[in-house]
Amino acid sequence: MKLHNWIAGKAAAPSAGEYLDNVDPKTGDVCGQIPRSNADDVNAAVAAAKAAPLLSVLERSELLTAVADALAARIPQLAELEALDTGKTLAATTAGDIPRAIDNLRYYAAAVRSDSTSCNQMEDGLNYTLRQPLGPVALITPWNFPLHLFTWKVAPAIAMGNAVVAKPSELTPSTATVCAEVFSEVGAPSGLLNVVHGLGHEAGAPLTVHPDIKAVSFTGGTVTGKAIAGVAAPLLKKVSLELGGKNPSVVFADCDLDAAAAGVARAAFFNTGQVCLCGSRLIVERCIHDEFVQRLQQQIERGDWTPGKSMGSLISWQHREKVASYVELAKEEGGTVVCGGNRVGPPKSAFFQPTILTGLPIDCRVATEEIFGPIVSVHPFDSEDEAIAMANFVEYGLASSVWTSDLTKAHRCAARIESGMVWINTWNKRDFRVPFGGMKQSGVGREGGRYSMEFFSQDRNVCIQL
Ligand code: NAD
């Protein structure tokens, strides 16, 4: 399968004629090729975006709905492509990733129709606010939820009247390409949605500094986010950064143990631990430490998180090497591997066992660096203050979960843990309307609901003398 860029409403080969291999992480085999784009391709895509006509609110809403309907008719194809690119199970992409990506389009198709601005009356004057598009915007996305994170940005950007140049991850290019084709199929004007594939420093970097790009919405690693902020901020582009995490699951002895064990395992191992929101640090009250670890282990043993069956692979064998190196590091740092810790499957595949580590200090590298794999380190605490201090110890501040039957304690913790999102007795429960984003090194800005709509627009006040 040879993919193409999508520029000005049609397929475009990369200007240099070069391609990158797309690799199936379940086997390590090459399964296709993607354009290795450069600044020339970016320039062509931005020029197309700049020339795209502005649609009315109703037209944008109807377009997003039509795209959602067309994608819904292709769920099996999209789910297969997403599973091939990412190594996820087909069950996960069919029931989770793709429907969720389609919901993003439906949500913003509806939300833009009820968007309103304010009117502020004075004794002798009247103010009203115009909400206007920014112009061409750059959307740069990672590989862990390819189509979901693509439409999570494309939908509000287009709903608010902007044309888009998107740069999906080079590791997961397929579904974004289909989505762009579908936009054209259902009648999107030429240049409204452009997709440029390629490596970050070759295709992403020129996009972030292009003079006609008015805003950059980025989801990915903290190091990349800082590099983008470093070049885009001096150009005064609007920048939204959704970055990494090292999130705590804080478990008190008074919690519902069954619910907490299931929730904490999900937080640790869902998507093979490759979720920015993953609870990769389990901070658990000392008196239930051993029992809780046992409960996690039981779920693994009964097959809830079995690589190749109930759990997909990692994104690549190279990433698997990184994840495996953290298990070795954990041993050097004094930790115990309670279960897992090994590569499984064919040599060039990316399967890795769900892994529980105990006995590690809270300040060691394994407990402070984002691993992005199915590894959870367990740390006992004796008091609420100690639990909060441990939760806040890392430089990240994206998400957290607190497990307790004492609601007062839960509210106290929610206000004290430094993270943009706190779940109480649940994990990763999502509502389109709520602010999504991180504190500290986990990012700048919020996405979701009106937050994305505000990011992808600019308000202009008009004041009339009465
Ligand atoms: P990454 O930072 O390596 O790449 C993300 C995207 O940026 C890719 O499309 C890449 O090609 C592009 N890129 C790389 N260098 C660039 C540059 N200099 N200029 C412009 N673009 C560039 O991240 P990844 O490995 O694809 O994804 C994993 C990371 O994403 C993890 O750290 C994870 O926590 C984070 N993430 C965060 C969220 C969130 O909402 N906070 C969601 C998902 C993933």
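Ser-249 sits opposite Leu-282 of strand β13 in this predicted model. The pairing behind that match joins β12 (residues 248–251) to β13 (residues 281–285); the two strands run in the parallel sense and share 4 bridges.

Zoom out and β12 and β13 turn out to belong to an open sheet of 7 strands, ordered β14-β17-β18-β13-β12-β20-β21, with mixed pairing. At the edges you'll find β14 (336–339) and β21 (421–424); each has a single partner strand, so one side of each is left without a neighbour in the sheet. From one strand to the next, the twist averages 25°.

Two helices lie against these strands, and here's how they line up:

| Helix | Strands touched or crossed | Angle |
|---|---|---|
| α10 (residues 289–301) | β12, β13, β14, β17 (355–358), β18 (375–381) | about 165° to β17 |
| α13 (residues 384–391) | β12, β13, β18 | about 150° with β18 |

So much for the sheet; now for a single residue, Thr-222. Thr-222 is part of helix α8, which spans residues 222–232. Is Thr-222 buried or exposed? Its relative accessibility is 10%, and because the cut-off for buried is under 20%, Thr-222 counts as buried.

Which residues does Thr-222 touch, leaving aside those up to four places away in sequence? They are Leu-243, Gly-244, Tyr-396 and Gln-441. With Gly-244 there's a polar contact to look at too: the Thr-222 side chain reaches the backbone nitrogen of Gly-244 at 3.3 Å.

Notes
Residues are numbered from 1 along each chain as its sequence is written. This is a predicted model: local features need pLDDT of at least 70, side-chain atom pairs count only at pLDDT 80 or more; totals for chains, interfaces and linings use all residues. Side-chain values use heavy atoms; hydrogens and water are left out. Two strands pair if DSSP finds at least two bridges between them. Axes are lines fitted to C-alpha atoms, for helices over the stretch in contact, and angles run from 0 to 180 degrees between N-to-C directions. Contact means heavy atoms within 4.5 Å. Buried means under 20% relative accessible area, exposed over 50%, partly exposed in between (1.4 Å probe, protein chains only). A polar contact is a pair of N or O atoms within 3.5 Å; within protein, one must be able to donate a hydrogen and the other to accept it, and residues adjacent in sequence count only if both atoms are side-chain atoms.
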